[in-house]
Amino acid sequence: MTSHETSLDPARHAHGTPRLDGPGLSGRVADVLVVGGGHAGVEATLAAARLGAHVVMVTFDADKVGEMSCNPAIGGLGKGQIVREIDALGGAMGRIADETGIQFRMLNTAKGAAVRAPRCQSDRHLYRAAATRAVLAQPGVELVEGGASGLLFDDADDGLRVVGVRLEDGRELRAPATILTTGTFLRAVMHTGEAQATGGRIGERSAEGLSGDVERLGLRLGRLKTGTPPRLDKRSVDLGAMEAQPGDAHPSPFSYLTDRARFPLQRQVPCHITYTTPKTHGIIADNVHRAPMYSGRIEGVGPRYCPSIEDKIMRFPDRERHQIFVEPEGLETDVLYINGISTSLPAEIQEAFVATVPGLENARFLRHGYAVEYDFVQPSQLSDTLALRSVPGLFLAGQINGTSGYEEAGGQGLIAGANAALWVQDRAPFVLRRHEAYLGVMVDDLIITNPSEPYRMFSSRAEYRLLLRQDNADRRLVRRAAEVGLVDAARLDAIDEKERAIAAARRLLERTRAQPENKSLVDLLRRPDASFDRVLERAPSETRAALGAVSGEVREAVEIDVKYEGYIERQRAEVERLARQETSEIPADLDYAVIEGLSTEAREKLARLAPRTLGAASRIEGVRPSDLALVGLELRKRAGAIG
Ligand SMILES: Cc1cc2nc3c(=O)[nH]c(=O)nc-3n(C[C@H](O)[C@H](O)[C@H](O)COP(=O)(O)OP(=O)(O)OC[C@H]3O[C@@H](n4cnc5c(N)ncnc54)[C@H](O)[C@@H]3O)c2cc1C
């Protein structure tokens, strides 16, 4: 029993009594049970509780809530946008990153606004502590330490439903909705060279019983792998022999709620860059047969976009060197995270090749790299609320759905948590579409395909990148969040106020003429090299005074709106054009076998993946426009429009 463990007595909490009678469930301890205290579990718990649900989070180790299993960094390309969206929807990841960040950088600043993305290096220990505080401070949440060893079932009239979990010590936790966020822990095996151990993370175990029950539900599982690099002792590393990489001089926070005047909160530190050498490559190539991936001992597929160092050497034999980022894990620790050399080679080979890297010649290993292989649930079995279509009451979020990354996990957690609470409360689901959010893109991608490698977000996955920018996540999502209750009225007031300020600044730019060209300031701002601040220099003094008081966020919004207006309008028109197709519903009982002319591949995939709309069907790989036209025709026939 830890200090976090509670009595499971709902009366102890102001918010604690389940709000609804719900399905008759004896021994019910919560409205929503969240299994796992990782990044998906944290956002799921908080989102469900913000909607008034009483939530019990159960996790192996209450001291590891919000643990960063791998790289102590948040954000990055495609991922930074997700963190901004989580924040706009009231989630915690952005605020925690701001509170614990020791280096902030805006990536892609030389490129267009659509692909800019924030990233920070966090202090791993502070991050975990802040995540735990966020969970414990949320009204309506209880944290229970324990391992879920199985699911509890109820044979209802409409089939088998999940009504909670059984813990290893025999306790049973019952709730109408359960969210599994167990990460890499399902039937997990860790590999370092020939050595194997069961466990989803170093020093932790595997969730064997749960895997069995998930399988008994008849769910299709797959196997994936991921890896982590060695951790080295800073005192044994020569950082002076490497290039220093500082953070931004004027860093921007992730969260719209962070006070920019007091930001950043932590001391900021640099990362360092070094490179592999021909000697490094020689040692790895000579020993690659000892890496479990190459010896055939690992059957799971790893992420192509985040390859191990042995993968890089074998795939790109002509490359003379590979970049290595040497990143501090925190302010008060000597642990260095060696980003870029994820490996599962034997310990002695890791030590030999690391010693060939400039600055790491005498490096002392604190932990060797390893790979972990685990089961995931094929996400095409989920609906757009992240509930399993075939098992009422069971939701899945995070790496269990075949994704990789804290941000992807946190985003799914928020969607699953919100929808689990709404489902228990018998309210309409909360679904974001592809043109509204990266989160909408991710969920849609997941439910129509089965990942063949861990799924991570890239900005290229979004077809409406100019609409889904990191700077406008609040303008896209705060109102949607307020409608359902994920954010409070103050947040809604703040976004209304921001929109008013943007409109007022824009009007002033339109009305003011710059001399001597006699052009409006908006016209000047449209020029490729113009910026809000440079245009202001051309304005008469009273306009300059009025616009000079405008906040940085409003300036940025006006500048991007004006500069990209044409493209943004075009993307909006495209969204509208596709909206009709997007929402054209496909009945669940549509028999694809009777539609003549469908390609065999389309017939098989449509039947198996059962897309809910023509839009979803159009994004299934192998479904061609001609197949879609035939399905559309069949739908119109059924609707009686065609005889
Ligand atoms: C070795 C390793 C390397 C990685 N490398 C990368 C990388 O390079 N890039 C990248 O983007 N991502 C990487 N990741 C993935 C990243 O850590 C995850 O994507 C992210 O943490 C997933 O969040 P999650 O909430 O789904 O799961 P996790 O953060 O893993 O959290 C799972 C939680 O569930 C708990 N749990 C599991 N089973 C049970 C049970 N039966 N009962 C109770 N509690 C349970 C665990 O204790 C844990 O708290 C790596 C992960 C690992 C383990």
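Which element gives the most to the lining of the second largest cavity? It's β4, with three residues, and the view of that cavity comes third below. A quick note before the close-ups: this is a predicted model, where local features need pLDDT of at least 70, side-chain atom pairs count only at pLDDT 80 or more, and totals for chains, interfaces and linings use all residues. Residues are numbered from 1 along each chain as its sequence is written, and side-chain values use heavy atoms, with hydrogens and water left out.

**View 1. The ligand and its shell of 37 residues.** A residue gets into this shell if one of its heavy atoms lies within 4 Å of the ligand. The closest ones are A40, C70, A148, Q399 and G405. Sorted by class, the shell has 14 nonpolar, 20 polar and three charged residues. Here Ala, Val, Leu, Ile, Met, Phe, Trp, Tyr, Cys and Pro count as nonpolar, Asp, Glu, Lys and Arg as charged, and the others, Gly among them, as polar.

**View 2. Polar contacts to nitrogen atoms of the ligand.** A polar contact is a pair of N or O atoms within 3.5 Å; within protein, one must be able to donate a hydrogen and the other to accept it, and residues adjacent in sequence count only if both atoms are side-chain atoms. T226 brings a polar side-chain atom to 3.4 Å from a ligand nitrogen, and S404 has one at 3.3 Å from a ligand nitrogen. G227 takes part through its backbone, with a polar atom 3.2 Å from a nitrogen of the ligand. Taken alone the ligand exposes 990 Å², and the protein buries 95% of that (Shrake-Rupley method, 1.4 Å probe). Elements that give two or more residues to the shell are α1 (39-50), β2 (55-59), β13 (221-228), β20 (370-377) and α10 (406-424). β13 gives the most, with three residues. These elements are DSSP runs numbered from the N terminus: helices are H or I over at least four residues, strands are E over at least two.

**View 3. The second largest cavity, with residues from domain 1 and domain 2.** A cavity is a set of points, on a 1 Å grid over the protein atoms alone, where a 1.4 Å probe fits but cannot get out; lining residues have an atom within 4 Å of a point. Grid points are joined across faces, edges and corners, and a volume is the space filled by probe spheres set on the points. This cavity has a volume of about 50 Å³. Its lining is F104, R105, M106, P118, R119, D248, S252 and F254, and the elements giving two or more of these are β4 (101-107) and β5 (117-122). By class that's four nonpolar, one polar and three charged. Domain 1 (28-184 + 220-226 + 374-480) and domain 2 (231-371) each supply at least three of the lining residues, with bounds from an automatic or database domain assignment.

**View 4. The largest cavity, lined in part by α1.** Three cavities of 30 Å³ or more turn up in the model, and the largest has a volume of about 50 Å³. Around it sit H39, V42, E43, G66, A92, M93, I96, Y127 and A131. Two or more lining residues come from each of α1, α3 (93-100) and α4 (124-137), and α1 has the largest share, three residues. The lining splits into six nonpolar, two polar and one charged.

**View 5. The second largest pocket and helix α17.** Unlike a cavity, a pocket is an open set of points, with protein on both sides within 12 Å along at least five of seven lines. This one has a volume of about 680 Å³. It's lined by 28 residues, and R116, S252, R260, G552 and E556 are the closest to its centre. α15 (532-536) and α17 (552-563) each supply at least two lining residues, and α17 gives the most, with seven. The class split is eight nonpolar, nine polar and eleven charged.

**View 6. Backbone details at P264 and N518.** The peptide bond from F263 to P264 is cis, with omega near -5°. P264 belongs to the loop between β15 (243-245) and β16 (271-275). N518 isn't a glycine, yet it has a positive phi of about 55°; its place is the loop between β22 (513-514) and β23 (519-520).
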